[in-house]
Every structure is written in structure tokens, then in C-alpha cells.
Amino acid sequence: MVSLSTENLQIGYGDKIIVEELNLNIKKGEITTIIGANGCGKSTILKTIARVHPAKSGVVYLDGKMIHKIPTKEIAKKMAVLPQSPEAPSGLTVYELISFGRSPHQSGFGRLSNEDKKVIQWALDVTGLTTFADHPVDALSGGQRQRAWIAMAIAQETDLLLLDEPTTYLDMAHQLEILQLLEKLNREEGRTIVMVIHDLNHASRFSHHMVAMREGRLVKEGTADEVMTHEVLKIVFQINAEIVKDPRTKKPVCLSYDLIQKEHQREKKCSEYIAVGMDVE
């Protein structure tokens, strides 16, 4: 089982710093979700951890090694990455897309082995895409297409899965199916999962650990009970949230919320950052 951590990670584009001095320790065998408002750096963090985007400074460690020094194929055997809104080449079938997930395990001419075919069929089955195996990916609905990409990621059979908004384009039922699938992979196979996710109640329900970001800085991390609080959501999303316990899961849920009035935001931000031990510039 792989370990993943960051040390004083600073990320940006050009001269603009997006994330400042981020120190994370992703716990093995757990589901970690990253939450925060649009533009706070969630996806950028995931891209940098996955070595898709270079860090300005600081280090990402994979199994105790600096990730930028690890060969790409070795990383691909340990970490599968599903970016936000990926695109497949025109005409590529669902089966062909999922087969790309087997690439790190192949050698020579890259022919699919019987084991590869077995894993691809399993990925088709668990994502409900068996009847669509021969369909072009670009002919699928948005939800079906998203499930095909998730099938490719899990077919890679890595101990670590990084997913950027994996429930995008999915209706309520399919969102739940995908999250329950990821939960099952975590519970039965011990896979470590890191997700960027917008739905706070899904993040609370399916996470062991939550990371709340605002304007490139870590506001709070911990269990759902520690992160899904009225005070933390005020800082992270500038909302007054009503938090209750879900009678089924016993996890906190955001029942309702209102926007904080603009004229009071700065004053509230200062007092609330102090309340959780953060500095306010």
C-alpha cells in the first residue's frame, strides 16, 4: 500500500501563486476528499500531486521518494489519475478506453493478456458498462462517458486513486453508485482514494478524512465531524450553514445555508480565521 505526502508545497501559474506552503499526509487505506470554493486550488493540488503540473517549490513524496525522481511507469503502477472532464480520441470504444488502464502492466507489443481482459471485464461490470463495451466513447451520454473514464482508472489496479470531481455529469443515482463503488474498493481492497468533490454531503458521507481549502491555504483537515461545521464552512464558502446529523449514516450534513452579507465578510473572515488558529493577511 503506497504512502503520499506533501512538504511545503507551493503551486502556481506564471507569477501567480495558487497554493501556499501545503503540508498534507494522505493516510493509507482511507478516502480523503478535498473541498473548497471554485478557484481555491483543489484541482491544482491534485494535478501537482499526480506530477501533471510542476510545483513552484516544496516536494511531493510517493512511498518516501520525491515523486519527480520516480520513473513515469513506476508511478503509473502505484497511482491512477482521473482528471476533470477528460476527452477520448474520436471513435475510440469503451473497451479500448478501459484497456489503456492496463498499459503500465504490459510489456513488449502491449498485447492484452488474459489477466488484462479479465480486469477490463470486471471494470465494465462494476461500472455498469458491459452492454456499451463496443460503443464509441464520444457517442455516450455525459454520465456514461464519466463511468467509462472511471472504469479505465480502476482497471489500472493501483493502490492509490486520484479523482478530480468523479461524479461530474452523473445523476443522483449514478453519483451514489460511483461513490459506493469507490467505497467498496477502499473497504475490500484497501485502495487509498483522494477525491476533489463539490457535494459537501457526499464528501462527508464517504470520507475518512476531509481537507478544506480557501484561497490556496489549508483551513481545516480532519474527520467529517471536525470539518463539516458551521464555523469552517463560513470560512471556506462564506455561508451560514445549518449542519445536522444524517439519521442513516450518523455523518454531518449541510441541511440548508444562506450567503454571508458582503459588507460583513472581511470582519467575519478575520474573527473566524482566528477561531480556527489561522493567520489573516
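A residue is called buried when its relative accessible area is under 20%. The legends below describe close-up views of a predicted model.

**Figure 1. Q238, a residue with a positive phi beside helix α9 and strand β11.** Q238 occupies the loop between α9 (230-237) and β11 (239-245). Because its relative accessibility is 9%, Q238 counts as buried. Its phi is positive, about 60 degrees, although Q238 is not a glycine.

**Figure 2. S85, a residue with a positive phi in the loop between β6 and α3.** The loop that holds S85 runs between β6 (79-82) and α3 (94-99). S85 is not a glycine, yet its phi is positive at about 50 degrees. With a relative accessibility of 40%, S85 lies between the limits of 20% and 50%, and therefore counts as partly exposed.

**Figure 3. Helix α1 and the residue that follows it.** Helix α1 spans residues 42-49 and is mostly covered, with 7 of its 8 residues buried. The buried residues are K42, S43, T44, I45, L46, T48 and I49. After the helix comes R51, which has a positive phi near 70 degrees.

**Figure 4. H68 and its separation from I49.** H68 belongs to the loop between β5 (65-66) and α2 (72-76). Its relative accessibility of 52% is over the 50% limit, so H68 counts as exposed. I49, by contrast, is one of the buried residues of α1. Along the chain H68 and I49 are 19 residues apart, and their C-alpha atoms are separated by 9.9 Å.

**Figure 5. The packing of helices α4 and α5.** Helix α4 covers residues 114-126 and helix α5 covers residues 142-155. Their axes are 9 Å apart and form an angle of about 140 degrees. An angle over 145 degrees would count as roughly antiparallel, and 65 to 115 degrees as roughly perpendicular; α4 and α5 are therefore oblique to each other. The crossing of α4 past α5 is right-handed. On the α4 side the contact is made by V119, W122, A123 and V126, and on the α5 side by A151, I154 and A155. Sorted by class, this contact has 7 nonpolar residues, no polar residues and no charged residues.

**Figure 6. The largest nonpolar core and another core apart from it.** In soluble globular proteins, nonpolar side chains tend to be buried together. The largest nonpolar core of this model has 51 residues. Those with the most contacts inside this core are I35, V94, I98, L161 and L182. Helix α5 gives the most to the core, with 8 residues. Leaving aside residues up to four places away in sequence, L182 touches I31, L161, L163, I193 and M195. Another core, of 27 residues, lies apart from the largest one. Among its residues are I11, L46, I49 and V211, and both L46 and I49 are also buried residues of helix α1.

**Figure 7. The surroundings of T33 in strand β3.** Strand β3 consists of residues 31-36 and includes T33. How buried or exposed is T33? T33 has a relative accessible area of 1% and is therefore buried. Not counting residues up to four places away in sequence, T33 touches M195, I197, A203, S207, H209, M210 and V211. Two of these neighbours appear in the legend to Figure 6: M195 is also touched by L182, and V211 is a residue of the core of 27 residues.

Key
Residues numbered from 1 in each chain as written. Predicted model: local features only at pLDDT ≥ 70, side-chain atom pairs only at ≥ 80, totals over all residues. Heavy atoms only, no water. Buried < 20%, exposed > 50% of the residue type's maximum accessible area, 1.4 Å probe, protein only. Helix = DSSP H or I, 4+ residues; strand = E, 2+ residues; numbered from the N terminus. Axes fitted to C-alpha atoms, helices over the stretch in contact; angles between N-to-C directions. Parallel < 35°, antiparallel > 145°, perpendicular 65-115°, else oblique. Left-handed = near helix turned anticlockwise from the far one by under 90°. Contact = heavy atoms within 4.5 Å. Nonpolar A, V, L, I, M, F, W, Y, C, P; charged D, E, K, R; others polar. Core = buried A, V, L, I, M, F, W, Y, C linked by side-chain atoms within 4.5 Å.
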